[in-house]
Amino acid sequence: MSSVGAARGRDYKSREDYIYASSRIRVAEKCLLTPQQLQQLFAATDYEEALRLFRETPYGVNLSRAPEELSYEEVLHEESARLSRELAEAAPGSPLLELFTLEDEFHNLKILLKQQVLGKDFSQLLMEVPGQNLLYLRKLAEQPERNPRESLQEKALSEALEELTNTADLQRGEFVLDRALYAAELELARQLESPLIENWVRTRVDLQNLGTALRLRVSGGSAERFALAFIPGGELAKATLSRLVSELRDEELGGESFTRKLPFREPLLSAVVSALAGRDPAKLEKARDEATLRAAREALKVTYGPEVLFGYALCRQMEILNLRILLVSLQSGGKAEVRENRLRVAGR
């Protein structure tokens with residue numbers, strides 16, 4: 001059960017504690033795909049060609065030898081699980097491990113919340129997360145009066161259910177979980193004492209808030225609704241983003257009068273401006289992922305410390321995302337140029 005930084009093994013109190021883990025991850029880094037390999041994969045004309053190219057990458061063993069009854073989605077899911085095991089074996093007890101499982105843990109809480117409200121079974125959408133007792137959490141969702149409200153997840157689930165009881169609004173319950181997720185990520189980043197990792201979390205908060213504001217604008221939502229969804233912890237003020245929802249004219253969205261208030265640096269800023277000007281939340285999501293890759297590349301330049309594990313894990317997560325985009329596109333008959341447009345890549 002997640003408790004934000006509770007020790008699970010040896011303590012990591014200084015950068016020196018990561019020397020062995022950093023050395024171990026340096027070996028694993030050699031298996032990361034190069035931008036050239038990704039470009040080749042995304043240029044594949046059909047599924048068979050992609051499979052041939054897979055065999056020439058470090059993923060080849062797992063992906064090309066998958067049993068016939070397994071889908072590639074299941075294989076990629078196993079790759080994600082293997083990444084979690086790699087991190088746990090390299091640095092058992094580091095707060096970094098929890099930082100990389102929190103998003104999946106809170107995804108599961110949202111699914112349990114949705115099941116409880118709609119009375120339907122969404123268990124196929126649940127994700128396996130080491131240390132998360134889904135059966136226990138499901139019972140707490142069904143019987144909130146038995147919730148001891150001791151762990152992070154217990155408290156977050158209880159507060160979300162309470163919001164639902166008061167408002168009968170599923171999305172407002174999800175807003176509660178989002179705020180709890182990012183507050184926990186920021187706390188873990190502070191424990192790691194890494195400005196690079198903390199800045200990454202704060203950028204995630206800003207981009208999440210920006211994306212929410214843009215989606216509300218596109219769908220005709222209100223600034224009042226945005227205020228309910230706003231997540232503290234970033235650099236962008238609630239008032240600044242509220243203007244984006246309903247006050248700014250379309251021609252002002254990518255204009256200097258608004259974007260000069262944004263905290264982002266190039267090339268992220270130009271991507272954000274393009275997304276705003278085009279009223280395109282999908283571009284913003286791609287910008288977020290590519291900003292994550294740039295943070296990962298910077299982290300991998302550090303000699304030793306939590307940044308080394310952080311950078312490697314982010315790179316692997318983005319690889320798996322890219323491969324999933326590729327396979328879904330090939331299965332649906334998407335064009336190569338469309339796939340390359342969706343490719344998440346930053347200079348290595």
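The following conversation goes through the pockets, cores, loops and one helix of a predicted model.

Q: What should I know before we start?
A: The model is predicted: local features need pLDDT of at least 70, side-chain atom pairs count only at pLDDT 80 or more, and totals for chains, interfaces and linings use all residues. Residues are numbered from 1 along each chain as its sequence is written, and side-chain values use heavy atoms, with hydrogens and water left out.

Q: Which residues touch the most other members of the largest nonpolar core?
A: They are Leu96, Leu99, Phe106, Leu309 and Phe310, out of 60 residues in that core. A nonpolar core is a set of buried Ala, Val, Leu, Ile, Met, Phe, Trp, Tyr and Cys residues joined through side-chain atoms within 4.5 Å. Buried means under 20% relative accessible area, exposed means over 50%, and partly exposed lies in between (1.4 Å probe, protein chains only).

Q: And which helix gives the most to this core?
A: Helix α10, residues 170–192, does so with ten residues. Helices (H or I, at least four residues) and strands (E, at least two) are DSSP runs, numbered from the N terminus.

Q: What is Leu309 in contact with?
A: Leaving aside neighbours within four places in sequence, Leu309 is in contact with Tyr18, Ala21, Ser22, Ile25, Leu87, Ala90, Ala91 and Leu96. Contact means heavy atoms within 4.5 Å.

Q: What about another core? How many residues has it?
A: Apart from the largest core lies another of 23 residues, among them Leu207, Leu216, Phe226 and Leu262.

Q: Changing topic: what is the volume of the second largest pocket?
A: The second largest pocket has a volume of about 640 Å³. On a 1 Å grid over the protein atoms alone, a pocket is an open set of points with protein on both sides within 12 Å along at least five of seven lines, while a cavity is a set of points where a 1.4 Å probe fits but cannot get out; lining residues have an atom within 4 Å of a point. Grid points are joined across faces, edges and corners, and a volume is the space filled by probe spheres set on the points.

Q: Which residues are closest to the centre of that pocket?
A: Of the 20 lining residues, Asn199, Thr203, Arg265, Leu268 and Ala295 are the closest to its centre. Two elements, α11 (195–219) and α16 (281–299), give two or more residues to the lining, and the largest share, seven residues, comes from α11.

Q: How does the lining divide by residue type?
A: The lining of the second largest pocket has nine nonpolar, three polar and eight charged residues. Here Ala, Val, Leu, Ile, Met, Phe, Trp, Tyr, Cys and Pro count as nonpolar, Asp, Glu, Lys and Arg as charged, and the others, Gly among them, as polar.

Q: How many cavities of 30 Å³ or more are there?
A: A search of the whole structure finds two. The largest cavity holds about 80 Å³ of space. Of its 14 lining residues, the closest to the centre are Leu33, Leu38, Leu293, Arg297 and Glu319. The most lining residues, four, come from α17.

Q: Now α15. Which of its residues are buried?
A: In helix α15 (residues 268–277), the buried residues are Leu268, Val272, Ala275 and Leu276. Seen down the axis of α15, they fall within an arc of 95°, so they line one face of the helix. The arc is that of the directions from the helix axis to the C-beta atoms.

Q: What do they pack against?
A: The buried residues of α15 pack against α11, α13 (238–246), α14 (256–259) and α16.

Q: Which peptide bond is cis?
A: The bond from Glu266 to Pro267 is cis, with omega near 0°, and Pro267 is in the loop between α14 and α15. Most residues other than glycine have a negative phi, and most peptide bonds are trans.

Q: What is the phi of Ala168, then?
A: Ala168 has a positive phi of about 55°, although it is not a glycine. Ala168 sits in the loop between α9 (152–167) and α10.

Q: Is Ala168 buried or exposed?
A: Ala168 is exposed, because its relative accessible area is 70%.

Q: And Ser194, buried or exposed?
A: Ser194 has 1% relative accessibility and therefore counts as buried. Ser194 is found in the loop between α10 and α11. Leaving aside neighbours within four places in sequence, Ser194 is in contact with Ala189 and Glu307.
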